[in-house]
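Reader: Hi! I would love a close look at one loop position in this model, and then a connected tour outwards from there. Could you take me through it step by step, as you would for someone at the bench?

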Amino acid sequence: MAPKIGIPAVDETAASNFKNYEKAIEEHGGDVGFLILGQQSITDFIAAIDALLLPGGGDIHPDHFNQEWHPKLKYVDEARDELELSLFQEAIQKETPVFGICRGIQVMNVGMGGSLYQDIESEYPQDALTHPKVQSEDSQHQIEIKPESMLGKIIGEKIDVVNSAHHQALDEIGEGFVVTAQSPDGIIEAVEDPSKRFVVGVQYHPERMLETDEFREHRRKLFEAFIQAASE
């Protein structure tokens, strides 16, 4: 039986925007269930799934990490913030595997008391690579992965190339997390909780890494590892 992977969505329209995640999960052996805001309690949803995926999207309200509103914030959805932060904390408490992607890694970090650079270009203390999209295309850059980490063991490469489409990034790291990958400018590209079976966040978008054989292989390894953790 395919493991059930839960994805939160504030409404049916939001759920329809997560087809890339749904396709990647189903392609690698999982079955997707959406939590639509108001349709099911967080406790019941976590009890009904085998793993939680936190998808990409807009910015998190800075109230959640004790900062003032930055003028470059965009697409803030407070209902989504509350839903995903509550789900993540329930999942951690129940030892449910969690995979966070882009905004998802940021939700994970904030949920464990960490903070964010609200805008890399204006707040990061050194010159950064181009991390947001360039026009309509994802940026691409190298990352260096710690080989002893779970991510390192999954990917099997110390240096790899990933896509990139974000203007925010992790700053102070949340409790229990370790940094497992960074881009050459020092921006954090992955974290994990080594005390958990599978609690991994990546800043890039593996669900849409399809352009090259190398991208597809990286995508495959990550989603297969996540689905395997959900199956255990």
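**A loop position and its surroundings**

Author: Happy to! Glu-95 is partly exposed, with a relative accessible area of 45%. That label follows because 45% falls between the 20% below which a residue is buried and the 50% above which it is exposed. Please keep in mind that this is a predicted model. The confidence is encouraging: the protein chain averages a pLDDT of 96, and 100% of the residues score at least 70. Even helix H1 (residues 12-16), where confidence is lowest, has a mean of 94, while strand E11 (residues 199-202) has the highest, at 99.

Back to our residue. Glu-95 sits in the loop that runs between helix H4 (78-93) and strand E4. Its backbone deserves a second glance, since phi of Glu-95 is near 60 degrees, a positive value although the residue is not glycine. For context, most residues other than glycine have a negative phi.

Where else does a positive phi turn up? Gln-135, also not a glycine, has one of about 55 degrees. Gln-135 lies in the loop between H6 and strand E6 (139-145), and it is exposed, at a relative accessible area of 79%. A glycine joins the list too: Gly-29, just after H2, has a positive phi of about 105 degrees.

Now let us follow the chain from the loop of Glu-95 into E4, as that loop lies between H4 and E4. Strand E4 (98-101) is one of the elements against which the buried residues of H2 pack; the others are strands E1 (4-9), E2 (31-36) and E3 (51-54), together with helix H8 (213-231). Which residues of H2 are buried? In this helix (residues 19-27), they are Tyr-21, Glu-22, Ala-24 and Ile-25. These residues span an arc of only 165 degrees around the axis, so they are on the same side of H2.

The meeting of H2 with H8 can be described in more detail. Their axes come within 9 Å and cross at roughly 75 degrees, which means that H2 is roughly perpendicular to H8. On the H2 side, Ala-24, Ile-25 and Glu-27 make the contact, and on the H8 side Arg-219, Phe-223 and Ile-227 do.

This takes us to the nonpolar interior. The largest nonpolar core holds 38 residues, and Leu-53 and Phe-99 touch the most other members. H8 supplies the largest share of this core, with eight residues. Apart from it there is another core, of 26 residues, which includes Ile-49, Ile-60, Phe-65 and Leu-87.

What does Phe-99 touch, leaving aside residues up to four places away in sequence? The list has Leu-52, Leu-53 and Leu-54, then Phe-198, Val-200, Val-202 and Pro-206, and finally Leu-222, Phe-223 and Phe-226. Phe-223 is a residue you have already met, as part of the H8 side of the contact with H2.

Let us return to the stretch that holds Gln-135, the loop between H6 and E6, and look at a residue in each of those two elements. Ile-120 is in helix H6 (residues 120-123), where it is buried at a relative accessible area of 5%. Beyond residues up to four places away, Ile-120 touches Ala-128, His-131, His-166, His-167, Gln-168, Ala-169 and Ile-187. On the other side of the loop, Ser-139 lies in strand E6 and also counts as buried, at 5% relative accessibility. Among the contacts of Ser-139 outside its neighbours within four places in sequence are Thr-130, His-131, Pro-132, Lys-133, Val-134 and Val-162. His-131 therefore appears in both contact lists, under the 4.5 Å limit for heavy atoms.

Two other loop positions make a useful contrast to these buried residues. Asn-66, in the loop between E3 and H4, is exposed at a relative accessible area of 75%. Ser-195, in the loop between strand E10 (188-192) and E11, counts as exposed at 60% relative accessibility. The C-alpha atoms of Ser-195 and Pro-184 are separated by 27 Å, with their positions eleven residues apart along the chain.

So, when you look at Glu-95 again, picture a partly exposed residue with a positive phi, placed in the loop between H4 and E4.

Terms used: Residues are numbered from 1 along each chain as its sequence is written. This is a predicted model: local features need pLDDT of at least 70, side-chain atom pairs count only at pLDDT 80 or more; totals for chains, interfaces and linings use all residues. Side-chain values use heavy atoms; hydrogens and water are left out. Buried means under 20% relative accessible area, exposed over 50%, partly exposed in between (1.4 Å probe, protein chains only). Helices (H or I, at least four residues) and strands (E, at least two) are DSSP runs, numbered from the N terminus. The arc is that of the directions from the helix axis to the C-beta atoms. pLDDT is the predictor's confidence in each residue, from 0 to 100. A nonpolar core is a set of buried Ala, Val, Leu, Ile, Met, Phe, Trp, Tyr and Cys residues joined through side-chain atoms within 4.5 Å. Axes are lines fitted to C-alpha atoms, for helices over the stretch in contact, and angles run from 0 to 180 degrees between N-to-C directions. Angles under 35 degrees count as roughly parallel, over 145 as roughly antiparallel, 65 to 115 as roughly perpendicular and the rest as oblique.
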